Amino acid sequence: MLRQLALTDMGAAAQVHRIAFDQAMPWLLGLHTPAEDRWFYRERVFPTCRVWGRFNDDELTGIIAFRDGWIEQLYVLPADHGRGIGAELLDVAKAACDRLELWTFQRNTPARRFYEARGFTLVEQTDGARNEEREPDARYVWTR
C-alpha cells in the first residue's frame, strides 16, 4: 500500500531513513542518534514536505519526502531493494512536479545509478563543504 504519511508515522519514517542510510553509507554510520532522526522528521521534514510511504502489510518499507521541485529524502529498507518500491515512490513526486532536483553523495553509486536510470541528469558535483556530512555530493535534475 502506498499513502501519504501523517505525523503519527514520523517515528517509522525516521527509522526507515536511518536503517537505509547506514546500510548504503556505512562510512557515515552513527552520524545521528534515533532521537535526533525523530526530531529532524518532526521539525524539518514533515512541516515542509509531502511525505509518502510504501507499506508491506503494516510495515513501512520506503519513504519519499519532496517539496517545491526538490526530493529531500528517498529511502527504502535494504531488505526491500530491487522490488520497485523506490521507483514507485519516485513516481509520486514525478506526478506532482514538472521538475525535480536532488542531492546524493558521489560515493553512493547505487543511488546514482537508480536516479540516472529514471531520467535524472547530473548537473553539479561539489567537494561536500556545504553539507553536514562533509561528503562530496552530486546534484541531479529531472524534467518532464
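The following legends describe an overview and several close-up views of a predicted model of a protein chain.

**Figure 1. Overall fold of the protein chain, with four helices and seven strands.** Along the sequence, these elements are arranged in the pattern β-α-α-β-β-β-α-β-α-β-β. The C-alpha trace extends over about 35 × 35 × 30 Å along its principal axes. The radius of gyration of the protein chain is 14 Å, which agrees with the value near 15 Å for a compact globule of 144 residues. Of the contacts with a separation of 6 or more, 60% join residues that are 24 or more positions apart.

**Figure 2. Surface and charge of the protein chain.** The accessible surface amounts to about 7,800 Å², and carbon and sulfur atoms contribute 49% of this surface. Of the 144 residues, 47% count as buried. The protein chain carries 19 positive and 22 negative charges, and the mean positions of these two sets are 3 Å apart.

**Figure 3. Surroundings of Cys-49 and Cys-97.** A disulfide is a covalent bond between the sulfur atoms of two cysteines. Zero disulfides are found in a search of the whole structure. For Cys-49, the closest cysteine sulfur is that of Cys-97, at 11 Å, and this distance is too far for a bond. The converse holds as well: the closest cysteine sulfur to that of Cys-97 belongs to Cys-49, again at 11 Å and too far for a bond. Cys-49 counts as buried because its relative accessibility is 11%. Cys-97 likewise counts as buried, with a relative accessibility of 8%.

**Figure 4. Asp-57 in the loop between strands E2 and E3.** Most residues other than glycine have a negative phi. Asp-57 has a positive phi, near 60°, and is a residue other than glycine. The loop that holds Asp-57 lies between strand E2, residues 50-56, and strand E3, residues 59-67. With a relative accessibility of 70%, Asp-57 counts as exposed.

**Figure 5. Arg-134 in the loop between strands E6 and E7.** Arg-134 is not a glycine, yet its phi is positive, at about 60°. The flanking elements of this loop are strand E6, residues 121-126, and strand E7, residues 137-143. Arg-134 is exposed, since its relative accessible area is 53% and the cut-off for exposed residues is over 50%.

**Figure 6. Ile-64 and its contacts in strand E3.** Ile-64 belongs to strand E3 and is buried, with a relative accessible area of 0%. Neighbours within four places in sequence are left aside in this view. Ile-64 is then in contact with Arg-50, Val-51 and Trp-52, with Ile-71, Gln-73 and Leu-74, and with Leu-89, Leu-90 and Ala-93. Trp-27 is 37 residues from Ile-64 in sequence, and the C-alpha atoms of the two residues are 23 Å apart in space.

**Figure 7. Thr-104 and its contacts in strand E5.** Strand E5 comprises residues 99-105 and includes Thr-104. The relative accessibility of Thr-104 is 10%, so this residue counts as buried. Beyond neighbours within four places in sequence, Thr-104 is in contact with Ala-111 and Arg-112, as well as with Asp-137, Ala-138 and Tyr-140.

How values were computed. Residues numbered from 1 in each chain as written. Predicted model: local features only at pLDDT ≥ 70, side-chain atom pairs only at ≥ 80, totals over all residues. Heavy atoms only, no water. Helix = DSSP H or I, 4+ residues; strand = E, 2+ residues; numbered from the N terminus. Rg over C-alpha atoms; globule rule 2.2 N^0.38 Å. Buried < 20%, exposed > 50% of the residue type's maximum accessible area, 1.4 Å probe, protein only. Contact = heavy atoms within 4.5 Å. Areas by Shrake-Rupley, 256 points an atom, 1.4 Å probe, with all protein chains shown as cover. Lys, Arg positive; Asp, Glu negative; His and termini not counted. Charge placed at Lys NZ, Arg CZ, Asp CG, Glu CD. Disulfide = S-S within 2.5 Å.
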